[in-house]
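Good morning, everyone. Please bring up the model on your screens, and we'll walk through it together.

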Amino acid sequence: MEPKAIFEAVKGKFGEAVVELQEEGFRPAFVVVSPESVREISLFLRDDPAMKFDSLMCLSGVDYKDRFAVAYHLHSLEIGHRIGVKAYLPREAPSLPSVDGVWPAANFQEREAFDLYGIVFPGSKDLRRILLPEDWVGYPLRKDYKYPEFYHGIKV
Amino acid sequence: MMESLAVSLVNAVPALSGVPLWTMTLLVMVVVAAVVLTFALLYAGLATYVERKVAGDIQARIGPNRVGPLGLLQFLADGIKLLLKEDIIPAKADRFLFALAPYLVFIGSFAAFVVVPFGVGLIASDLNIGVYYVMAISSLVVVGVMLAGWSSNNKWALLGGMRAAAQIVSYEVPVGMALLPAVLIAGSLSLQDIVRSQGGLLGIFGWNLFHNPFTFVSFFLYYTAALAETNRTPFDIPEAESELVSGYHVEYSGIRFAFFFLAEYGDMFVVSALATACFLGGWHVPFLDAEALPVAWGNLFSLGVFLAKALGLVLLMMWIRWTLPRLRVDQLMRMSWKYLVPITFFNLLGVSLWLLVFHGKGIPRMIASLFG
Amino acid sequence: MGLKGYLHDIWEAVATTAKGMRITARYGVDPRETITLQYPEERWEPSERFRGFLHNDIKRCTSCTMCVKVCPVDCISLESVRGADKKLVLASYDINIGRCMYCGLCVEVCPPKSLTHTSGYEKATVTRGELILHFVPEDAEEIKARVAKQVAEAAAKAEAEKSAKAEAPPMGWPAPVFAAGNPGAGADAEKKPAQEPKGEPANREEPPKEGGEKAE
Amino acid sequence: MKARAEALPTQEMLINMGPQHPSTHGVLRVILRTDGEVVVNARPDVGYLHRALEKIGERVTYAQFMPFTDRLDYLASMNCNAAWAWTVEKLAGIEVPERAEYIRVIVCELNRISSHLIAFGSFTADMGAFTPFLYAIRERERINDLFEDICGNRLTYNYVRIGGVSADLPDRFLEKTKEFLDYFEPKIPEYNKLISYNKIFVHRLANVAAISGGEAVAYGLTGPNLRGSGVSFDLRRSEPYSVYPKLDFDVCVGTGERGTVGDCFDRYMVRINEMRESVKILRQAIAQIPGGPVMAKVPRAFKPPVGEVYFRAENPRGETGIYLISDGTVNPYRLKLRAPSFVTMNIFEKVTKGLMIADIVAVIGSFDIILPEIDR
Amino acid sequence: MGAHRPGNAPPEGRQMSHDPAHSGPAPAVGPVSLGPEAHVMVGNADKFINWCRKSSLWYLLFATACCGIELMQTGASRYDLDRFGAVFRATPRQSDLMIVAGTITHKMAERLIRLYEQMPEPKYVISMGSCANTGGPFYKDSYCVVKGVDLLIPVDVYVPGCPPRPEALIDGILKLQKIIEQKRNFAAKA
């Protein structure tokens, strides 16, 4: 199915929760959704017979300087088409309902987004820092991140 | 046997006549023990070098060849270096047991050299319960390994110790059962008698191996079970390098680790020596009767033949080690209780029936008696 | 599992073990299979594209700092001074092979092709100071002093000529031509290149040269 | 066994299969809670090799990031180099000459063989047979020689460039590759005789940690791990990129020949068969390679157009995806590296419930994980 | 292609091969000697013990990153560290040489220090590769890489390269052997 058709189908079902379709300059195209409804839309995308997006390729946090975003790249093995889903989050307390119930593959990547960006995923099975030591201060991949001077007495 | 040696020594040297007999025998015992122990340690050292050379050959590379000519002094360098390492006993380890464990394992494997029939007269002491003695002493290794595992207060070591206990105990049953056919044929537990019972008949065909099909099978059963007894691949689960970091001797460093290292090679030799004595005709020289030869030559030839056979089996162990992967613990247990034990029992039954039916004569003897 | 399965298990175990042992025996017995290259005695000759330690031929180097800019790790530190004849004189050129990642980007980008990969790979050292290769033999300060003196003389001579023939029309100096592509570098040649100044007092991982003992 | 367990209250043991362990393929730490030998819960703790590649990606230029992709998966550096080059070319729409694409496929497939060799070797070494590991490394040394001729380094090649490859093939390269392929092809059946069908090896791997097809897709498994579970999905075939459509090879899928479909043995055998397929691909690529330039015209201070792109390539360990956001400047704005080993570790905790400690080692080996990919 | 002359052993007797010209002997740590005669006896004992330690350097299997692969290939068939008596050991207790092969991150630093402390005393450290020497490719922008292993543990030999060739590692080990040869065990304590 073409991205436009997917966008229409999702728009039809969820109305204003679906904000817009980013197409030009975006390969694959992105369906921008509001953060609260991410979980329902994901379930729909996975279970709808016409969509069947059963494989979450990649879940990544992005820092757009004025706001955060979480980008999901979905792929359907049977039908073979791909789509991107993006949710923009405010800069202060970025939080987004977790989708590791829909796609178990999301758990580690959500923990990574939390670890490096500080995006909280309520409802996640096990949200802890995954790459950095537990007592690390700050979220490194943010654009305004200042490198710490010392860590445990070792010069950074 | 020691007394006879002591008496002959006293008569030979007049100056010693004043010395009471018991000190003489004690002296002879110490000397013989020293000789056997130096042979054992030298053999164990060289075995480590040969193992690394064999591994090198199999893996398309050259083993150690820089330490001394052709790398022959490699084991000396390893030994001295291990001797000079810092002696670490982990803080929370049980100090006394931690220190005791290597000695138990060392005694367990080197004490069995006493009954190894090296040659016609060359045996430390020809115990009449030879086979039982070896079985008893080698189970001391289990105690040592479990002690090492528990006392070093390290989870890997504990797992290694438990695995070793389960493995060695459950493989002693098939080892014992597989040795019994040789005892039945010789009618005595003493290893010298077992070896003597395999003499004559062109040497080769006197071996227990060809006595009857059951003993032929029981040799291979014994060898497999003995592999497990000495923790060699494919049964080296207690010191599984890749799973348990290195099993029960994780916390051992320096000379304590050297004890474990040498004990493993000592065990290998004891097990091969037993296999040679019980199944491959011990020190019987193939085409001439070793006992008839003059004492010096007889001993020399028999010692040479015995070592050749035993070290050949040790090489086979090394060859197996660099080929096969490792079994899992439950597969190991299943193999012992479901495969080895039933077959060895059936085999033992077969041998005893055979001896009953053919009055103790093997196939070669029957063929020989046909031709008169 | 039945008797047949039982016996089949045993047979398969023995057969596969024997097959494996035959292969290892073939390698064990055959000495031609050994492929060991005994390093200290038998050395391997490197392929001509081998990326060993870097070497900069300072005679051909025009200190254009292209290599300093392209290095992802900034392990090349270069210092140059404007000479009397408006050409850049190389004051010091150090490559820290302890930090270099041997990616070869600098060699590709070097316009005069003075920076090349040697086929050397044996520089195990005892102190980290020895891992910094210096390509300009004498000390940077001496060069700067000498060049400053030359510039002063040239200026004085030019001054004398100008006053001698004050009426003669002045000659236009050709603008210094730098390697294309880096307009930024050309303009501020006088200012030291942006990369770390040679001394790097703050950078604790490169201790002063002569002592050479380890960083604190 | 269950009844006896209640009567005998045993205490669970907490073991650290710590960052330094002979068979965790690097610095992976697994926190094992075991009841004797049986594992109750195995939780992986990663991050011991987190080197902030993505942060570096935002501070270096597009060309300067190429040597860092070598360190993303140092057993398949060529594939990662090529993946990064393909991503940027897809973003900027650069047209790569045909010969460069063929060279990329040749070096990627050679790297796939050498990566699978290490996977095969270290897996058998974990199972206790050390000799096949050294045979695998011996074959790998010959591939290292080939790579040294072509780009000068044995492990971190930095050979592919955005828009082509940095240098054309050295003169006798194709003959030497053919020589290697002829030398290597009979070795695979020899490995199978030596270790793959060895009774002990099969018993250690069959029916261990079997993963069904649906579960594999849901947990995001890719590459040999996915195909081991019977799902026939290979990016080179279903989402063809570069010149793969012109090369014919078949996708090897786990068939459960010694146990259930998707067990450790299947994942292992898929890698062994994939080595054969790579040899086939290499032979065709060598035959079809055209002449011509090897580098497209790319300006030195390369500024791609603004935009976001997600490209994924079939690496030996699975699907390496790169999500690149560019804001038109010289440096990438955001660079997300979707590494196959990282996503594979998701299923580790679920799959290892109830196994024995020796099987944990088998599962790690069968997933063929590599730590810089997990920790980036 | 490499010069493959399958020879079984180098010319016997030559204890140490020719020394690459520019490596130069390490700074000999020479304490006050005890007078000629004591020195001779102590000297010989020193030489013998150093020879034993030098020719059986068991290295700890500590491979974190890319250099770990080169370490494996050095131990494999073509370069064969086993020729020098160097066998890899899995536990720090039984190893006397730690080759830090790969990047050390802050999360790994404390483990590295603990491993180093667990090794019995005459222990040596080789820092292999740019990451271990100075943080290498991750020196500039990485927030979580330790910039050089000698911030954590004392290092005996630095082997440059990224990753260093197996020959470079063997060259480093040969240099370490020369350092061990010059160590004073008995005389120093007097």
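How many aromatic pairs does the structure hold over all chains? There are 72. Keep in mind that this is a predicted model.

Let's look at one of those pairs, in chain D. Take D:Phe65 and D:Phe68. Their ring centres lie 6.2 Å apart, and their planes meet at 20 degrees. Planes under 30 degrees apart count as stacked, so this pair is stacked. D:Phe65 is buried, at 1% relative accessible area. D:Phe68 is buried too, with a relative accessible area of 1%.

Now another pair in chain D. D:Phe201 and D:Tyr268 meet edge-to-face. The distance is 5.1 Å centre to centre, and the angle between the planes is 65 degrees. This pair links distant parts of the chain. D:Phe201 belongs to helix H9, residues 199-205. D:Tyr268 belongs to helix H13, residues 264-288. That puts the two 67 residues apart. Both D:Phe201 and D:Tyr268 are buried.

On to chain B. Here ring pairs link a cluster. Its members include B:Phe39, B:Tyr43, B:Tyr103, B:Phe259 and B:Phe306.

Remember B:Phe306. Among the residues in contact with B:Thr276 is B:Phe306. Others, again leaving aside neighbours within four places in sequence, are B:Gly281, B:Gly282, B:Lys309, B:Ala310 and B:Leu313. Where does B:Thr276 lie? In helix H10 of chain B, residues 255-279. Is B:Thr276 buried or exposed? Its relative accessibility is 0%, so B:Thr276 counts as buried.

Now compare B:Leu72. This residue lies in the loop between helix H2 (21-58) and helix H3 (74-83) of chain B. B:Leu72 has 40% relative accessibility, so it counts as partly exposed. B:Leu72 also belongs to a nonpolar patch on the surface. The patch includes B:Leu42, B:Leu46, B:Leu70, B:Leu73 and B:Leu76, along with E:Phe48 from chain E. Together the patch has about 550 Å² of accessible area.

That brings us to chain E. It has 5 helices and 5 strands. Along the sequence, the pattern reads α-β-α-β-β-α-β-α-β-α. Chain E has 190 residues, and 66% of them count as buried. Its accessible surface is about 6200 Å², with 62% belonging to carbon and sulfur atoms. Take the contacts in chain E between residues at least 6 apart in sequence: 80% of them join residues at least 24 apart.

Zoom in on helix H2 of chain E, residues 66-75. This helix is mostly covered, with 8 of its 10 residues buried. Among the buried ones are E:Cys66, E:Cys67, E:Ile69 and E:Leu71. What do the buried residues of H2(E) pack against? In chain D, they meet helix H5 (98-126) and helix H6 (131-151). In chain E, they meet strand S1 (59-60), strand S3 (97-101), strand S4 (124-128) and helix H5 (166-181).

Two charged residues deserve a stop. In chain E, the charged end of E:Arg89 sits over the ring of E:Trp58, 5.5 Å from its centre. In chain A, the charged end of A:Arg111 sits over the ring of A:Phe108, 5.5 Å from the ring centre.

Last, the chains together. Which chains have the most contacts between them? Of the 9 pairs of chains that touch, it is chains C and E. Chain A and chain B are joined by no contact. Their closest C-alpha atoms lie 25 Å apart.

How values were computed:
Residues are numbered from 1 along each chain as its sequence is written. Chains are lettered from A and ligands numbered from 1 in the order in which they are written. This is a predicted model: local features need pLDDT of at least 70, side-chain atom pairs count only at pLDDT 80 or more; totals for chains, interfaces and linings use all residues. Side-chain values use heavy atoms; hydrogens and water are left out. Patches are made of residues with over 30% relative accessible area and no salt bridge: like charges are joined within 9 Å, nonpolar side chains (Val, Leu, Ile, Met, Phe, Trp, Tyr) within 5 Å. Accessible areas come from the Shrake-Rupley method with a 1.4 Å probe; for residues, only the protein chains shown count as cover. A salt bridge is a side-chain nitrogen of Lys or Arg within 4 Å of a carboxyl oxygen of Asp or Glu. Helices (H or I, at least four residues) and strands (E, at least two) are DSSP runs, numbered from the N terminus. Buried means under 20% relative accessible area, exposed over 50%, partly exposed in between (1.4 Å probe, protein chains only). Contact means heavy atoms within 4.5 Å. Rings of Phe, Tyr and Trp (its six-membered ring) pair if their centres lie within 6.5 Å; planes under 30 degrees apart count as stacked, over 60 as edge-to-face and the rest as tilted. A charge sits over a ring if NZ of Lys or CZ of Arg is within 6 Å of the ring centre and within 35 degrees of the ring normal.
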